[in-house]
There are 2 protein chains.
Amino acid sequence: MTQADWIAVDWGTSNVRAWIFDERGEVRATASSDKGMGSLDPAGFEPALIELVGQHLPETGKVPVIACGMVGARQGWVEAPYATCPCPPPGLADAVSATAADPRLDVSILPGVKQSGPADVMRGEETQIGGFLATEPGFDGILCLPGTHTKWVHISAGEIVSFRTCMTGEIFALLSRQSVLRFAVAGDGWDAQSFQAAVGDAISSPQNLSAWLFGLRADSLLNETGVDVSKARLSGLLLGLELAGTKPYWLGREVVIVGAPSLSDLYVTALAEQGVSARFMDGGNLSLAGIRAARAQMESKT
Amino acid sequence: MTQADWIAVDWGTSNVRAWIFDERGEVRATASSDKGMGSLDPAGFEPALIELVGQHLPETGKVPVIACGMVGARQGWVEAPYATCPCPPPGLADAVSATAADPRLDVSILPGVKQSGPADVMRGEETQIGGFLATEPGFDGILCLPGTHTKWVHISAGEIVSFRTCMTGEIFALLSRQSVLRFAVAGDGWDAQSFQAAVGDAISSPQNLSAWLFGLRADSLLNETGVDVSKARLSGLLLGLELAGTKPYWLGREVVIVGAPSLSDLYVTALAEQGVSARFMDGGNLSLAGIRAARAQMESKT
């Protein structure tokens, strides 16, 4: 069994992932579970962590654990107060220690980033951004991190300059699973042309969103419109609304979409129609890269 | 026990209400339950009706039952195909008979109304409109019926000319109960000024909706904004989006808001800020008035 030299943890609302490093700085094991912040009370984090990585802890001696994400929220293990942008992605020097009963655990939690006006917050994405900047330190442009709450982030001179969060992903999930539209969009299939048309509709007339949404239901009832069309149109209307509102971010800038391939592809496709050729980067390993960068930042200071 | 001469039924998705008429045309009893269409399969409607009004049925002889609403949907007792607008609110001559095992029941279901382009549907509201037109037959203007799915209806020469449905109510319910915003809006209180400001924001910049919604969460976290402000702003943003999209309906027209007092008051207040002095009418008894009007239309034809 590998004994950990240190452990990186990405602890979100729904899931937790851990990477166990050996003395040579190599990842020797990984672990994950669904014990995200949302299902734990403050006393539940330490047992969840031990369940996840306990087999890699030595019998004696402290192991540094560096965690990012919702584990540092007010409802998390311990609150790691937000850094205020403009700022670089927070490093280990900005982290907050979490109390652990097990003497082998030395837990540091990286803070999120806030923006004062307009009020906005991120927790976890700042670490992905740190991972991105570790490979492209001179980047000057826009990072878009699609997800439940998509972040549009202006990056310049190694700093998070400003950002804007859109609830598009969460609204799509609620409407497609729990609203009257669920009958129209339940099932497989995707009509790419309907998606593009809907993006264009919402960008040019965002005020019609609420009526167009009910129109999906009516079209399904009256014209037996297929699931492939309705689902793509629902997604396109909501993404078009987001693009209409984030135009100051993406217009005339270098844009990189950082996320899961299928969702990111929708953003790349929709932006292409607006004349923006956005670059895609798989976000799968950026949290890990960001935690390594946060740790390295500390080492370079000492 | 009153024996029914005929029975009016307003059968919606969540609830059912019945009015029992005597020979002199007076309402002698009412009954209601939560056995709405949403909780019944087609075979469940007759038992639910008998449970509701069975005590008022005679031992022998047929009693006409006239019903409106989702009872006539495809998933209802029997489908009553939509009338196509422009058309007057459907009358008893347009109704569809539902089969009942009990020989005393003679059930007619009034159809809803559809619009071909843009595709739109209503079921139940057309009967309320019929009730409104029974008292104001010469009305020429806009009826707004706020609810889960708010209807904006252009009325002229006794007909439903066109209409537009907005999902505002359902989106508000989903966001305030099931999204990340539930933490910011859970509780009592209402800040009228924040409501008005949000309506204005959304009307002038509807494209910012998705970011402004997440801003409610961020403001709550960073500035400890109160529930009264956040809830009023959430409501105002969504209603403002609706008003931005329905401007062709309400701008420069006579507008009557027909619905429950508290929800209708939001519409009256928001429209007043836009220079439109909308009239309010309590919608509580309009379904009954509409069913009476649908029945009278039949009698005047025979």
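In this predicted model, strands β2(B) and β3(B) form a hairpin in which five residues lie between the two strands, and B:Gly25, which sits in that turn, has a positive phi of about 80°. The two strands run antiparallel and are joined by six bridges, and within this pairing B:Arg17 has B:Ser32 of β3(B) as its bridge partner. Strand β2(B) also takes part in a second hairpin, formed with β1(B), where four residues lie between the strands. Here strand β1 (residues 6-11) of chain B pairs with β2(B) in the antiparallel sense, again over six bridges, and B:Trp11 finds its bridge partner in B:Val16 of β2(B). Strands of a sheet pair through backbone hydrogen bonds, in either a parallel or an antiparallel sense.

How far is strand β2 (residues 16-21) of chain B enclosed by the rest of the structure? Five of its six residues are buried, so the strand is largely enclosed. B:Arg17, the residue whose bridge partner is B:Ser32, counts as partly exposed, because its relative accessibility is 31%. Its side chain meets that of B:Asp10 in a salt bridge, at 3.8 Å from N to O, and B:Asp10 counts as buried, because its relative accessibility of 16% falls under the 20% limit.

**Salt bridges**

Side chains of opposite charge can pair when their charged atoms come close. Over all chains the count comes to 18 salt bridges, and the table sets out three of them, each in chain B.

| Side chains | N to O distance |
|---|---|
| B:Asp10 and B:Arg17 | 3.8 Å |
| B:Glu51 and B:Lys35 | 2.8 Å |
| B:Arg233 and B:Asp201 | 3.0 Å |

The pair of B:Glu51 and B:Lys35 links distant parts of the chain, 16 residues apart, since B:Glu51 belongs to helix α1 (residues 45-53) of chain B, while B:Lys35 lies in the loop between β3 (27-33) and α1 of chain B. With a relative accessibility of 58%, B:Glu51 counts as exposed, whereas B:Lys35, at 31%, counts as partly exposed.

In the pair of B:Arg233 and B:Asp201, with 3.0 Å from N to O, two helices are involved: B:Arg233 lies in helix α7 (residues 227-245) of chain B and B:Asp201 in helix α5 (residues 192-204) of chain B, so the salt bridge ties together parts that are 32 residues apart in sequence. B:Asp201 is partly exposed, its relative accessible area being 27%. In chain A, salt bridges that share partners join A:Asp22, A:Arg24 and A:Arg28 into one network.

**The contact between the chains**

What does the contact draw from each chain, in residues? Chain A contributes 39 residues and chain B contributes 39 residues. The size of an interface is often given as the accessible area lost when the parts come together. Between them, chain A and chain B bury about 3,500 Å², of which 68% is on carbon and sulfur atoms. On the side of chain A, the residues that lose the most area to chain B are A:Met167, A:Phe214 and A:Leu222, which together account for 18% of what that side buries. How many salt bridges are counted between chain A and chain B? The count is zero.

A sheet of chain B also meets a helix of the other chain. This open sheet has three strands in the order β5-β8-β9 (chain B), and its pairing is mixed. Its edge strands, each of which pairs on one side only, are β5 (83-84) and β9 (120-122) of chain B. Helix α6 (residues 209-223) of chain A packs on the sheet, where it touches β8 and β9 of chain B, and the direction of the helix makes about 85° with that of β9(B). Within the sheet, strand β8 (residues 113-115) of chain B is joined to β9(B) by three bridges, the two strands running antiparallel, and B:Gln115 stands opposite B:Asp120 in β9(B).

**Domains and separations**

Chain A is divided into domain 1 (6-123) and domain 2 (165-282), and the C-alpha centres of these two domains of chain A lie 33 Å apart. In chain B, B:Gly275 is found in the loop between α9 (261-273) and β14 (279-282), and with a relative accessibility of 66% this glycine counts as exposed. B:Gly275 and B:Pro47 are separated by 228 residues in sequence and, from C-alpha to C-alpha, by 50 Å in space.

Methods. Residues numbered from 1 in each chain as written. Chains lettered and ligands numbered in written order. Predicted model: local features only at pLDDT ≥ 70, side-chain atom pairs only at ≥ 80, totals over all residues. Heavy atoms only, no water. Pairing = 2+ DSSP bridges. Contact = heavy atoms within 4.5 Å. Axes fitted to C-alpha atoms, helices over the stretch in contact; angles between N-to-C directions. Domains from an automatic or database assignment. Salt bridge = Lys/Arg side-chain N within 4 Å of Asp/Glu carboxyl O. Buried < 20%, exposed > 50% of the residue type's maximum accessible area, 1.4 Å probe, protein only. Buried area = accessible area lost by both parts, 1.4 Å probe.
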